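Here's a chain to look through at leisure. Have the viewer open while you read, and click along as the residues come up.

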Amino acid sequence: MLHATLLCLILSFQAFSMENFPKPQDDAHPGSETTLLDFERFEERFLGRTSVAYLPKRTDGQKAPLLVFGHGQALGEDAYDATLKHLSQKGVAALFVKYDSGFFDQDWRRMASDFNQITRDFLEKYQDRVDKGMIIYSGHSKGGYVALMAAGAPNNPGVRKSILFAPAGFDREYIEALDPNMVVSIVWGGEDTIIKKADQDQIYNLLPVEKKQFITVKSYPDREADHYFIQNKKAVFGGGQDGVSVFHYHGVWKWLVGSAWDLEEGGFATSQYVYGDKAIETGSSSFLHEVRRSWSVPQDMLVKFKMDSLSQRQIQELLGDKSQKITGLWHQVWLTPELQRSVSQNPQVALITPNHKLKPLLLPNDFSTNLWHFQNELGFDLNAPAAWAIETGSQDVVVGVVDSGIHLRHSDLADNIWENQAELEGQTGVDDDNNGYVDDIHGYNFASNQSNGADNRGHGTMVSGAIGAIGNNNSGIVGMAWSVHMMSLNMFPNLWGNATLASAVKAIDYAVNNGARIINASWGQSGGDVEKDPGFEILFETIERANKKGVLFVAAAGNDGGNNDIKHMIPATLGNSNILSVGAYGHKGVNWSKSNHGAQSVHVFAPGEEILTTSQDGGTRRASGTSLSAPFVSGLAALMLSINSELTPQELIALIESSCRPHTELSSLSRCGGFLDAEIAVKQAVESLEH
């Protein structure tokens, strides 16, 4: 079985010469395109010591994981600030204990005890914003030593993970007292002249935990890491101590964010956030890491049985008590490679595959402020006003927005949000309509299994504005359908996490079973292929169930700038007859440079560059991507169903394709060879009533 590569937001790295070595910026790191949160940075006094707190203003309603960081003597306090700021912008709370004079007095046990007590005091004070069940200890050099000691001290507050950057010592008794279920990573510079590898090996070998890893870092071409300084830093930075740039440029924040991510998704230790893996994927020699593990990392897997004859007891014996039925014959479970091999050999198992990650297909921008996509002087628009003269939509049509949720109280969206009347009028905490979900008034969060369908990252709100921002209300913007009902179906786990096949399947099935006629999918995975990786079969089956219920599935073509005829984009190229794939073009009528295309695999093009839409903060924002092209088509389909509710998905696709205005710049990039004309599509829907 060929496993598709996990999707990540990855930027390429450039090897710098000594003469051209810029100070690191946030855009020099993978993940920088992910939404950054606002945060607070302030000082607190605990135990008579000053600590710096970094608290993110999270938008997903969840408490933040807490990372407590201790610094060493080789770098000044300011050296870590950029890293901890970036960490908080990614949704993680951080506490930086500033060591007063005399703190490095070699009384390591007292320091470890203080480290824990300061953490406890902080958790008590900010318990409404910080999750005390998700604590990570980290530190550099002697600060790493203190963090390691504190994790094994009697008064530790329940540390789950520890990431230590070249710890400068250890206490055998305290190390042996570590919780064996803790995850510990040691990160060491390849040519560190201060902290020896032999010392790190000794700590590593003493660790009693089942999950541990040792990472050797060589992060600069032609230069060796030296205790998180570059050799000859004066030549690189022009003199003086500039530890901020060095420590941050090592991507330390990436390890720390990844660690918090693991805790939010179940506490498993993974290496998906380790730079070395990304360097191998991109072919860059700038960032190299060697990872040694002594445990098998569990993976999120999907298991399909051959028949539905196994009892629940038999399934539990094979997969364990924590397996979860997703749909039909499919189950989700975390398995180590050893267990994967065992399960795959069972004669009852038809398929075992990774629960692939799916990312939103949006690239935010901030430019001009006009709604060029509906009408503009150049004529490369949707011709929407002419369509609205015929039809502006109906709330009888339900669109399932399978995404990151919707800002339910946004003034330009609230009246077009779908409501489950049985739950709205029922009892709190009760599944009033017996559909398997409690209090699903506006939809559901399938990543966290909560009734709250609110947006946790902003993507779904932007998509929803393009579909159905309220029209003619003298406020904000207008969507393609002025009146529609949008179902808020959240499948993304948190601010930075990607969705999985399992959460997507549950969200799609929910939409179909609760009356949606259209599903908008502005997300996907590039390079997926059902033939080469049968794991995507579960998504094909799910969309086929939607097809049989007469549901149109509108999918974004993707933002890789590639040819979907050659390199697949899941789900846009799955092949179900109810899938309508949409590419993006810009206001000058040319293909948006990052939009995928395909003469056979992409049906139509719609506006997708510099689109003004609704934002998570209750206002509007600019964004670009096929994520916004697809919802224009979903909104158009909603207008057409408002006219003729009997149209099948295949009829909708045929009418939308035939409404396409041919355009030379797009002629070979899609099946229709041009871009949408909403007026023609709506008129064809009217004409279909006569046949």
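What follows is a short tour of salt bridges, strands and helices.

## Ground rules

This is a predicted model, in which local features need pLDDT of at least 70 and side-chain atom pairs count only at pLDDT 80 or more, while totals for chains, interfaces and linings use all residues. Residues are numbered from 1 along each chain as its sequence is written, and side-chain values use heavy atoms, with hydrogens and water left out.

Helices (H or I, at least four residues) and strands (E, at least two) are DSSP runs, numbered from the N terminus. "Buried" stands for under 20% relative accessible area, "exposed" for over 50%, and "partly exposed" for what lies in between, using a 1.4 Å probe and protein chains only.

## Salt bridges

Side chains of opposite charge can pair when their charged atoms come close. The structure holds 20 salt bridges, each being a side-chain nitrogen of Lys or Arg within 4 Å of a carboxyl oxygen of Asp or Glu. Take K125 and E44, whose side chains meet in one of these at 2.9 Å, N to O. K125 sits in helix α2 (residues 108–125) and E44 in strand β1 (residues 39–46), so this pair ties together parts that are 81 residues apart in sequence. The two ends differ in setting: K125 is partly exposed at 48% relative accessible area, whereas E44 is buried at 10%.

Helix α2 comes up again with R49 and D114, a salt bridge with its closest N and O atoms 3.6 Å apart. Here too distant parts of the chain are linked, with R49 in strand β2 (residues 49–56) and D114 in helix α2, 65 residues apart. R49 is buried at 11% relative accessibility, and D114 is buried as well, at 15%.

Which residues share a network with R49 and D114? They are D107 and R110, so to speak the other half of a salt-bridge network of R49, D107, R110 and D114. D107 and R110 form their own salt bridge, the closest N and O atoms being 3.7 Å apart. Both count as partly exposed, D107 at 35% relative accessibility and R110 at 25%.

## A four-stranded open sheet

Strands of a sheet pair through backbone hydrogen bonds, either parallel or antiparallel. In this analysis, two strands pair if DSSP finds at least two bridges between them. One open sheet has 4 strands in the order β13-β14-β12-β15, with antiparallel pairing. β13 (324–327) and β15 (349–354) stand at the edges with a single partner strand each, so one side of each is left without a neighbour in the sheet. From one strand to the next, the twist averages 30 degrees; such angles run from 0 to 180 degrees between N-to-C directions, with axes as lines fitted to C-alpha atoms, for helices over the stretch in contact.

For a look at the pairing itself, go to β13 and strand β14 (residues 330–335), which run antiparallel over 3 bridges. K325 stands opposite H331 in β14.

## Strand β22 and its partners

Strand β22 (residues 518–521) has I518 and N520 pointing one way and I519 and A521 the other way, and all are buried. It pairs with strand β18 (residues 393–403) in the parallel sense, through 3 bridges. With strand β24 (residues 552–556) β22 also runs parallel, this time over 4 bridges.

N520 is a handy residue to click on here. V401 stands opposite N520, and N520 also stands opposite V554 in β24.

## Helices: one enclosed, two packed

Is helix α14 (residues 459–468) buried or exposed? 10 of its 10 residues are buried, so α14 is largely enclosed by the rest of the structure. Among them are H459, M462, V463 and I467.

Two packed helices are described by the angle between their axes and the distance between the axes. Helix α17 (residues 626–643) and helix α19 (residues 678–688) pack at about 25 degrees, with axes 8 Å apart. The two are therefore roughly parallel to each other; on this scale, under 35 degrees is roughly parallel, over 145 roughly antiparallel, 65 to 115 roughly perpendicular and the rest oblique. α17 passes α19 in a right-handed crossing, where the near helix is turned clockwise from the far one by less than a right angle (anticlockwise would be left-handed). The contact, with heavy atoms within 4.5 Å, brings L636, L639, M640 and I643 in α17 to A678, A681, V682, A685 and V686 in α19.

## A proline in a loop

One last stop is P534, found in the loop between β23 (523–526) and α16 (537–548). P534 is partly exposed, at 24% relative accessibility. P534 and P354 are 180 residues apart in sequence and 10.0 Å apart in space, C-alpha to C-alpha.
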